[in-house]
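Reader: I'd like to learn how to read the charged side chains in a protein model. Could you walk me through it?

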Amino acid sequence: MRESDQALGRYVLLRLILLLCVFFPIGSSFSFGGRGIGINYGRLGKNLPPPDIAVKLITSSRIKHVKTFDMDPVVIQAFTKSNITLSLCIPDEELPALASDPTRADLIVQRSILPFIHTTKISSISVGNEVSMMPDLAPHLLPAIKNVYYSLKKFKIHKRIKVSTTHSVAVLAIRSPPSHGIFQESIAGPIMKPVLRFLNKTQSPFMVNLYPYLTYKETSEVPLDFALFTAKPNLYYTDPNTRFVYTNLFDILVDALNAAAASLGFNNLTLVVTETGWPTNGHENDYAASLQNAKLFNQRLIKHVMRVPVVGTPMRPGVPVMVYLFALFDEDLKVGEPTENHWGLFYANGSKKYELGLQKHGVLHRTKLANGENKFSLL
């Protein structure tokens, strides 16, 4: 490849920067259908629109897939006959009991799955969220997953609804170069390998939460435009082992995860990005967290994963990637960094921050009732 001196300089700089991050921790029968854009529906906020209005907002945004953080029948009921596919989640605190008592899984399935099986599209259940790095919960992970699977099998719906668990990108010990991606030594053998073996056997998705924004902030060196999908042609990264060329940080993280799974002998898992996104606000001097950057990232990400024909990643060209944006609403009850409260496509009052580029416009009307409560309607 011919390059100008300036282009070569930027390429070398980016290559060195990413190599510095080497040790930084940071379809088929599968019912997600290969690729698509979903959104995470969390409810840790005050005065959020109720589930029925949330469904209307999601529908108006032309989003067909939703991931929740619990198994609340009230929420599941709201999606009845909506033509939206749900990915549900069993909360972390239920894992120990679920791992030791198979009847717990039966109760969950009978309460949150069977009443809706003919009227609501349910694609998967995540058993816990990012627990593979938690010493107190990780040992319970696979037994809990298996009990949920066997319960679904008992009711003959295990082929329709897949069982998995959601991992953080911090499971990676090495993420760059992506071809050298491996899992943290403490979990690779005892946790990740048996879990991935189960996923492979049951043709279930390898679910991972990954945030280019967080990687950008943690390393402090990766160019912002490389993380935002806005890099110019002269800014790219070449894997020194495969010679694959990367034009964005998202693909590097995805392929590092693919390589880590392959290093344990699993080359054909369906990787689903269950959380990704960009905050619209944060610390006072966090200039990366802005509405404009959030809009840029999500719109460019959608364009990237939804291209026709399917592009995939350099390591897996032509293989689609399912992506769930984080999140539907700003959630003001979440604790942690200031950014934690500003990931929503919608403000907590239901008004939209920006367009994703794939939806018709929907307007949420909010009326204050005499008793002080809020009434929502979609116009």
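Reader: Let's start with a pair. Which side chain does lysine 217 meet in a salt bridge?

Author: Before the case itself, the general idea: side chains of opposite charge can pair when their charged atoms come close. Keep in mind that this is a predicted model. Here, lysine 217 meets aspartate 286, at 3.1 Å from N to O. Lysine 217 sits in helix α8 (residues 212-219), while aspartate 286 is in the loop between β11 and α11, so the pair ties together parts that are 69 residues apart in sequence.

Reader: And how do I read the surroundings of those two? Is aspartate 286 buried or exposed?

Author: The cut-off for buried is under 20% relative accessible area. Aspartate 286 has 6%, so it counts as buried. Its partner, lysine 217, is partly exposed at 38%.

Reader: How many salt bridges are there by this rule?

Author: The count comes to eight. Another one of them joins glutamate 275 to lysine 67, with the closest N and O atoms 3.8 Å apart. That pair links distant parts of the chain: glutamate 275 belongs to strand β11 (residues 271-276) and lysine 67 to strand β2, 208 residues apart.

Reader: Why does lysine 67 count as buried?

Author: Because its relative accessible area is 3%, and buried means under 20%. Glutamate 275 is buried as well, at 6%.

Reader: Okay, what about networks? Which residues are linked in a network of salt bridges?

Author: Arg43, Asp70 and Asp72 are linked that way. Take one contact in it: arginine 43 forms a salt bridge with aspartate 72, and the closest N and O atoms are 3.4 Å apart. Arginine 43 lies in the loop between β1 (36-41) and α2 (51-60), and aspartate 72 in the loop between β2 (65-68) and α3 (73-78), so this pair ties together parts 29 residues apart in sequence. Both ends are open to some extent: arginine 43 is partly exposed at 33% relative accessibility, and aspartate 72 is partly exposed at 24%.

Reader: Now for charges without a partner. Which residues gather in a patch of positive charge on the surface?

Author: A patch is built from like charges joined within 9 Å, using residues that have no salt bridge. In this model the positive patch holds Lys146, Lys153, Lys159, Lys193, Arg197 and Lys201. The elements that give two or more residues to it are α6 (138-154) and α7 (185-202). Helix α7 supplies the largest share, three residues. Look at lysine 193, which is found in helix α7: its relative accessible area is 33%, so it is partly exposed.

Reader: Can you show me a lysine at the other end of the scale? Where is lysine 303 found?

Author: Lysine 303 is in helix α11 (residues 291-305). With a relative accessible area of 60%, lysine 303 is exposed, as the cut-off for exposed is over 50%. Sequence and space are also worth comparing here: lysine 303 and glycine 357 are 54 residues apart in sequence and 8.8 Å apart in space, C-alpha to C-alpha.

Reader: Last one, to set all this in context. What does the secondary structure of the protein chain come to?

Author: Eleven helices and 14 strands. Of the 379 residues in the chain, 55% are buried. The accessible surface is about 16,700 Å², and 54% of that surface belongs to carbon and sulfur atoms.

Technical notes. Residues numbered from 1 in each chain as written. Predicted model: local features only at pLDDT ≥ 70, side-chain atom pairs only at ≥ 80, totals over all residues. Heavy atoms only, no water. Helix = DSSP H or I, 4+ residues; strand = E, 2+ residues; numbered from the N terminus. Buried < 20%, exposed > 50% of the residue type's maximum accessible area, 1.4 Å probe, protein only. Patch = residues over 30% accessible without salt bridge, like charges linked within 9 Å, V, L, I, M, F, W, Y side chains within 5 Å. Areas by Shrake-Rupley, 256 points an atom, 1.4 Å probe, with all protein chains shown as cover. Salt bridge = Lys/Arg side-chain N within 4 Å of Asp/Glu carboxyl O. Lys, Arg positive; Asp, Glu negative; His and termini not counted. Charge placed at Lys NZ, Arg CZ, Asp CG, Glu CD.
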